[in-house]
Structure formats: structure tokens, C-alpha cells
Amino acid sequence: MEALLEDAYINSQVASYPVSMLEDHAIAVDATYYLHLQLDSQPSEPLLSALGGVTGIQSRIENDLNQWQANNVIPFFIFDGQNLKGQDEVNIRRAREGIAQTDRAWEQYFNGQADAAVQSFGENTNAFHPHNFYRLLQGILKERKLHFLVAPFNAAAQIASFDMTDSDQVGGVMGSVELLMYPINDCVIRSIDWETRTVRAVSKTHLLSVLNVADHTFVDLMLMAGTSFLPAFPALTDGNIIKNQPSNINDALNILRVARKDVTQVCITFVDTLKAQDPNWLDKYRKARMLVDHFTYIKENGEITVHNYDTLTQDNYEYLGLSLPPEMFHYLNTGLIGPRILNPITHAFTQAEASKKQTSASMEVLPTLDGTVSPEYRKLVTQQTPQIKEAALSLVVARLHRAFLHSTVTMGVWFDRDFKRKLWDFKNQGPYLEQWKSWRVSAEVVEKLFPDFVHGSIFSEVLALEKPEFVATTFSQKDKKVKNLSPDLIKSFSIWRFLHIRGYVDNKHELTNWGKALSQALTALQPTAKRYWKVPHLYESIIVALELVRFDLLNAKNKHEELRGLPMHGSEDDQLSLLLISRCACLLKLRHESYGYTGPLSKSLLAFRSLASEVRAADRDLVEAILASTFMAAQADRRKDANWELGNSLPFHFDPDVSLGIAVKTFFDEINPNDPEMAKKKKNFPSSYIPYATAFPEDLEIACEFFKAIYAGIKALPQRELSANDQAVWEKAAKYLEARA
């Protein structure tokens with residue numbers, strides 16, 4: 001299981017037990033670990049990191065959960081919450097290692113070694129984090145009426161709290177080896193083989209016995225070996241010191257024994273190695289040790305508590321982070337919001353810390369799947385999307401304790417560890433809160449003016465703003481508070497506020513030029529959206545497209561021929577037109593059977609997906625901040641237990657892979673203008689290139705209509721918003737498509 005930081009020595013101590021021992025019990029399952037198992041144990045998705053997504057994981061999860069049910073075992077999934085101090089650094093290291101692996105796979109693919117490339121891609125899932133599948137898994141659990149919980153921080157600590165207190169909720173625990181660091185009673189389930197009806201588990205008592213160490217020493221060994229929030233002790237990863245790599249916990253024990261089982265003494269012994277590889281490792285270890293000793297969890301009565309609270313040090317904010325109000329943990333646990341918007345606030349720097357030079361940041365931009373650091377990507381993550389993230393932080397921090405207003409949020413990037421940018425502080429809060437406050441809409445007015453209004457559709461919210469009599473009713477009034485908003489109205493409020501903050505709506509609540517372009521695009525797409533009503537996320541993908549156009553990213557520029565996978569046939573204009581059309585198609589999903597993708601690849605389109613994913617994630621942060629602020633300001637009707645459904649009904653959590661973009665590019669690259677064999681080629685194309693696609697003709701039509709809808713919006717823009725040259729490129733692409741579609 002290479003995507004997890006596994007320990008060969010610990011895994012060698014695993015014992016087998018019959019599944020019948022688990023019957024009629026609930027098992028607390030680390031959701032991240034479980035998703036790793038699903039990804040790593042199945043050979044059918046080797047191109048995960050080459051596409052940016054998978055096609056069959058949902059059916060695999062469904063089948064596995066059927067086995068749990070058939071064997072009368074109840075899984076109680078625990079999801080990771082906020083990041084721990086140091087977790088971003090470890091994620092960056094592992095993802096960069098994954099990029100190095102996929103780079104080798106891409107070279108094999110470019111050199112015509114297709115089978116070897118597929119194997120190399122399949123050997124690495126480090127670059128794609130299971131957190132991307134959280135919403136999918138939670139949705140499946142909701143449908144099956146299986147309870148789950150989102151931990152305040154790491155799932156392992158929350159799971160350990162059940163075992164530590166002999167909770168009646170669970171009869172066993174399942175997760176990664178990190179669970180062993182915490183005060184669990186005994187066994188950690190590592191895997192379940194339903195076919196052989198066998199459970200593989202490792203006993204902590206047995207490990208302590210065979211290693212001949214006490215529990216506090218064992219924790220040090222685990223930390224030295226490396227965890228999800230602390231890099232391994234540098235000497236353990238040095239092939240000149242430990243010959244057999246990767247090292248394991250027994251190697252850590254041999255080193256620790258030489259230094260009388262004192263980690264500080266070990267660091268003194270290997271001071272030259274630390275200076276060369278990780279000078280701050282000892283400080284990181286000390287913070288990590290305090291994190292383990294004082295882990296945060298939710299008690300059975302719902303209280304957020306810190307283990308061994310009485311012995312917390314006064315500088316606990318340096319390792320635990322700033323303490324958010326319990327209300328925020330409730331929103332996180334119930335699925336109203338995700339952890340991304342909370343992470344930078346928890347790990348913000350106090351005024352005293354901000355005055356010192358910091359080696360870390362409150363939040364990090366994590367590596368992309370393609371690993372390309374192009375000028376446009378660098379500009380996007382360091383200059384453009386930080387504006388959206390600043391708006392999101394401003395809305396949430398303004399609702400917290402005044403102490404948070406005097407903190408500083410900084411941002412780092414994976415490709416330049418010296419880069420630090422101040423993302424938010426009390427001197428730079430922007431107009432965002434006032435824009436948020438300016439909205440007040442009554443359900444009665446909406447029902448009267450728009451009988452067919454669909455809350456949360458985006459289409460209804462945008463077109464409503466074209467009606468002056470409605471716009472006149474949307475302003476807040478001092479003597480009339482906004483309160484008891486229904487889930488439907490909260491969806492619409494969130495979209496209107498998003499559009500306002502992002503500049504699609506002005507302070508008069510009227511559509512700006514970009515808002516009018518959005519309206520034109522949505523209107524043009526409406527017939528297609530109605531015809532294919534089972535295909536979700538079409539309207540929100542229009543917003544993503546226009547966001548990318550505004551950032552000068554959705555165009556035919558920046559070909560990056562070194563990445564390969566570009567259109568090859570026709571004139572230069574034809575190739576540029578197809579590049580633009582296929583980039584648009586990357587914002588949509590190819591419907592596919594539950595088998596691994598077997599078609600062509602494109603690193604060029606994968607790099608474009610990284611740009612789109614960054615914009616989409618920033619927009620999602622803003623939507624969640626707007627939603628959280630609505631609840632924190634007591635505007636929502638909290639009597640309704642619909643937080644997860646509400647959070648998941650709002651846009652920008654959809655993040656498709658590039659398979660449809662590749663399919664569209666490959667298809668049109670083989671088509672001539674007014675091709676008389678168009679129908680035949682369209683019919684035969686899937687079997688030749690994407691044999692497991694379930695509805696390619698429909699998906700192709702949707703992609704073409706989607707492009708036309710964006711172009712309809714582009715045509716509505718004045719040249720001061722988009723230059724004549726840029727608009728001409730869209731026009732050429734439209735003519736290219738008209739001659740072939």
C-alpha cells in the first residue's frame with residue numbers, strides 16, 4: 001500500500017482472525033484509510049493520476065459495503081477534519097514523490113511504451129488524495145442510512161477516543177498504523193477479506209512486547225518512522241545509514257537505543273544529517289509529540305475536548321492551532337462546510353508569531369497531478385485565486401472572537417518553499433462583508449414573481465436579476481433582520497452573494513457585463529440542460545468556464561507542446577480551435593462504466609485541469625464561507641437537520657477528470673469539415689478509443705452545446721472586458737465546430 005506510510009515491520013506482526021468475531025458489532029473505520037484500501041487493492045484504475053479521477057470506485061465501495069451488511073458488521077466511518085500542524089508539509093513531500101513517479105510513466109507513454117506506462121501509473125496513487133472522494137463516500141453512506149462522523153482534526157485520534165473510553169458505539173477499530181500511537185486498548189484491524197472470511201489485525205500489546213519498549217517510547221518510534229504530520233527522522237531515510245529502504249520502526253528502535261531512548265540525543269548524534277536535510281526536524285517532532293499527547297476529539301455527549309487538557313502548555317496554539325468555537329466544529333461534523341476554509345484560520349499566526357520569520361504557512365497550495373509549474377499556473381495560485389480566498393476568510397473571521405481579527409493568515413506554495421504571501425489580516429478585509437450583508441429576499445416575492453423558480457439551480461438566480469422589479473426588493477433593511485431562512489432560500493442567497501462578491505453583480509444588485517455574459521451562456525445552455533436533466537453540474541460549469549476566461553486561462557494560448565497530447569491535424573487555426581473546444585470539454589464528465597479507462601491520454605489537458613481545479617476549489621471556499629456566515633449570523637432556520645444536503649447542493653465541489661476533453665479532442669482530430677462519414681465515425685469511435693463509455697454520442701453533444709453556450713456569453717462581452725483578438729479565437733473555434741458537429 002504505497003500511498004500510505006506503512007511500516008513493513010508492523011505489518012509483519014499482523015495476525016488473522018475469523019470475521020465471525022465482528023458479527024453484530026460496529027467497527028470504527030478511518031475513512032481515509034478505507035479509501036486507500038479501495039484504490040490500492042483494485043488494479044482496475046491504474047490511470048488515476050493521469051486522468052484526475054476514477055470511474056469505478058463507487059461500485060467497488062457499494063459492493064464492499066454489501067459485504068459488511070451480509071456479514072452483520074456495521075461500519076462507522078470517521079472522516080478527517082482539519083489538518084494537523086505539519087500535515088501540509090508531509091502531503092507536499094509525498095505528492096512530489098508521486099509526481100516523480102508519474103513523470104516516469106509519462107515518459108514511457110510518450111515513447112510508445114503504453115503497457116509499461118499503465119503499470120507505472122498504477123503503481124502510484126500518492127498524487128491523488130482520498131479526500132477527493134469524501135463527498136462520494138458520504139453520499140453513499142447517507143443513502144444506506146449509515147452514520148458517520150467528521151473528526152475535529154485527524155480521524156485516528158477520534159477513533160482512539162472510542163477505544164480509550166470503552167465506548168458502546170464501537171466493538172473494534174480499523175485504520176492505519178498511526179492508530180497505534182494513541183491510547184487504544186489493543187488491536188487495529190488492517191483489512192477484511194470477505195471471500196476467505198478473514199480479518200487481519202495487529203495487536204499493540206504484542207508490538208510493545210516484541211519491541212520490548214514502553215508505550216511512551218513506542219510513540220517516539222512511530223514519530224521517528226514518520227507519520228501523516230511529521231516527516232521521518234532524516235537518518236532513517238538515508239541509504240548510507242539504513243541500507244534497506246524504506247526503513248521501519250525496528251530501524252528507529254536501533255537508532256534510539258544508541259541514544260538511550262532520547263530523541264533529543266538522537267538529533268545531537270545525527271546533527272550533520274539534520275543540518276543537511278531537515279534542520280527544524282527536532283522542533284517539528286516536539287510539536288508532533290504534543291499533538292499526540294493532547295489530541296482533540298468529540299466526546300459522546302458532543303463536547304469538543306482535548307486529551308490530557310490539564311497538562312496543556314501555555315503555548316499550545318503553536319502545536320494545536322488557534323481554538324475555533326464549537327459551532328464551527330458542528331458545521332464541519334454535519335457536512336455544512338469542509339475543512340479547507342477552517343484550516344488557515346486555525347493555523348493563523350498570532351501578532352507575536354507574525355512578527356517573526358516563519359518557516360511554515362497557515363495554508364499551502366498543494367502539488368498538482370501533472371506537476372507543471374507554468375507561468376500561468378504560478379500567476380493563478382500566487383496572485384489571482386488568493387483574492388477569492390481572502391474574501392472567504394474575511395466573511396468567516398469577521399464572525400469569530402475578536403482575537404481572530406488580530407491574527408495573520410499566510411499562504412505558501414508547493415513549488416517554491418521560500419514563497420510566503422500574507423493572505424489576510426485585520427488591515428485588509430475588503431468590501432466582502434458589506435456585500436454579503438446587502439442581500440435580503442423574501443420567499444413570498446420569489447414565489448410571486450417566479451412561479452417556476454428552482455432554488456440553487458444558478459439559472460433561476462441569475463435570470464431573476466434581469467427583472468428590475470425583483471432587484472428592487474433584494475436590499476437589506478436596518479429595521480428588518482434576515483432570519484429563519486429555509487434551506488431553499490439559503491441556496492439562493494448563497495448564489496446571489498457569491499455572484500456579488502465575484503463581480504457578476506454590482507452594488508445595485510444588477511448584472512455586470514460579466515453577469516450579462518453569464519446570463520446569456522446559461523440561457524443558451526438551458527435547452528441542453530433540460531434535455532439531459534440527469535447530467536448534473538452543467539450550469540455551475542458555465543461559471544467555472546467564465547471564471548477561467550476572466551483569469552485568461554480558458555483560451556487557445558499556452559499550448560506547452562512539451563506536455564504532448566495536443567491536436568495534430570489541420571491548419572494552425574484548426575489545431576488552436578480544437579484545443580479551446582477540448583479544454584471546455586474538460587469541465588464536464590464522460591459517463592463511463594465501472595471499469596478502468598483504456599483510451600488515449602493528454603498531459604496537456606491534465607495541466608489545464610489543474611488550473612480549473614484551483615479556480616473551482618477557491619470558488620468552493622467562498623461559497624462555504626458565505627454559507628457558514630449565514631448560519632453564524634443567525635439567518636438560517638437551524639431547526640431543520642439538513643446541513644449535509646444543503647452543503648452538498650451548492651456548487652463547485654464537482655471536479656471532473658479529463659476523459660471527456662481527451663475524447664472530444666481525439667474525435668474531432670479525425671474529422672474533416674462537413675465529413676460525409678460523420679455518423680459512422682461517431683458510432684464507431686467509442687469502441688475504438690473509449691470502449692467503456694456509456695453514452696458518448698450524448699456526451700459529445702453536451703460538450704458541443706456547452707462550448708456554444710460559453711461562446712454565446714463571450715459574444716455578449718464588450719471589448720474592454722475581453723479583447724477583439726481573444727473574441728476572434730472563440731469565433732474561429734465556433735466556425736470550426738459548426739463545420740464538424
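1. Two strands count as paired if DSSP finds at least two bridges between them. The model under review is predicted, and the pairing of its strands is taken up in the next points.

2. Strand β10 (residues 363-365) and strand β11 pair in the parallel sense over three bridges. Within this pairing, valine 365 stands opposite valine 413 in β11. On its other pairing, β11 is joined by four bridges to strand β12 (residues 416-424), and these two run antiparallel. Threonine 410 stands opposite lysine 422 in β12. The connection from β11 to β12 is a hairpin through two residues.

3. Is strand β11 covered or open? Strand β11 (residues 409-413) is mostly covered, with five of its five residues buried. Val409, Met411 and Val413 point one way from the strand, while Thr410 and Gly412 point the other way. Both sets are buried. In a regular strand, side chains alternate between the two faces of the sheet. Of the bridge residues named above, valine 413 belongs to the set with Val409 and Met411, and threonine 410 is set with Gly412.

4. Strand β2 (residues 25-30) is largely enclosed by the rest of the structure, because five of its six residues are buried. Six bridges pair β2 with strand β3 (residues 73-79) in the parallel sense, and the bridge partner of alanine 28 in β3 is phenylalanine 76. Three bridges join β2 to strand β5 (residues 172-174), again running parallel. In that pairing valine 29 stands opposite methionine 174.

5. Helix α2 (residues 31-40) holds glutamine 38 and also threonine 32. Why does threonine 32 count as buried? Its relative accessible area is 9%, and the cut-off for buried is under 20%. The side chain of threonine 32 makes a polar contact with the side chain of aspartate 80, at 2.8 Å. Leaving aside neighbours within four places in sequence, threonine 32 is in contact with Asp80, His129, Pro130, His131 and Tyr134. Asp80 is thus on the contact list of threonine 32 as well as being its polar partner.

6. Glutamine 38 has a relative accessibility of 8%, so this residue counts as buried too. Which residues does glutamine 38 contact, leaving aside its neighbours within four places in sequence? They are Arg60, Ile61 and Asp64.

7. The largest nonpolar core has 254 residues, and those touching the most other members are Trp68, Phe77, Met224, Phe233 and Trp730. The largest share of this core, 15 residues, comes from helix α28 (residues 603-632). Phe77 falls within the residue range given for strand β3 (residues 73-79). Not counting residues up to four places away in sequence, tryptophan 730 touches Val549, Leu554, Leu580, Cys584, Phe707, Ile710, Tyr711 and Ile714.

8. How many disulfides does a search of the whole structure find? The search finds zero. A disulfide is a covalent bond between the sulfur atoms of two cysteines. Two cysteines may be set side by side for their accessibility. Cysteine 267 counts as buried because its relative accessibility is 6%. Cysteine 187 has a relative accessible area of 28%, so this residue is partly exposed.

Notes:
Residues are numbered from 1 along each chain as its sequence is written. This is a predicted model: local features need pLDDT of at least 70, side-chain atom pairs count only at pLDDT 80 or more; totals for chains, interfaces and linings use all residues. Side-chain values use heavy atoms; hydrogens and water are left out. Buried means under 20% relative accessible area, exposed over 50%, partly exposed in between (1.4 Å probe, protein chains only). Contact means heavy atoms within 4.5 Å. A disulfide is a pair of cysteine sulfur atoms within 2.5 Å. A polar contact is a pair of N or O atoms within 3.5 Å; within protein, one must be able to donate a hydrogen and the other to accept it, and residues adjacent in sequence count only if both atoms are side-chain atoms. A nonpolar core is a set of buried Ala, Val, Leu, Ile, Met, Phe, Trp, Tyr and Cys residues joined through side-chain atoms within 4.5 Å.
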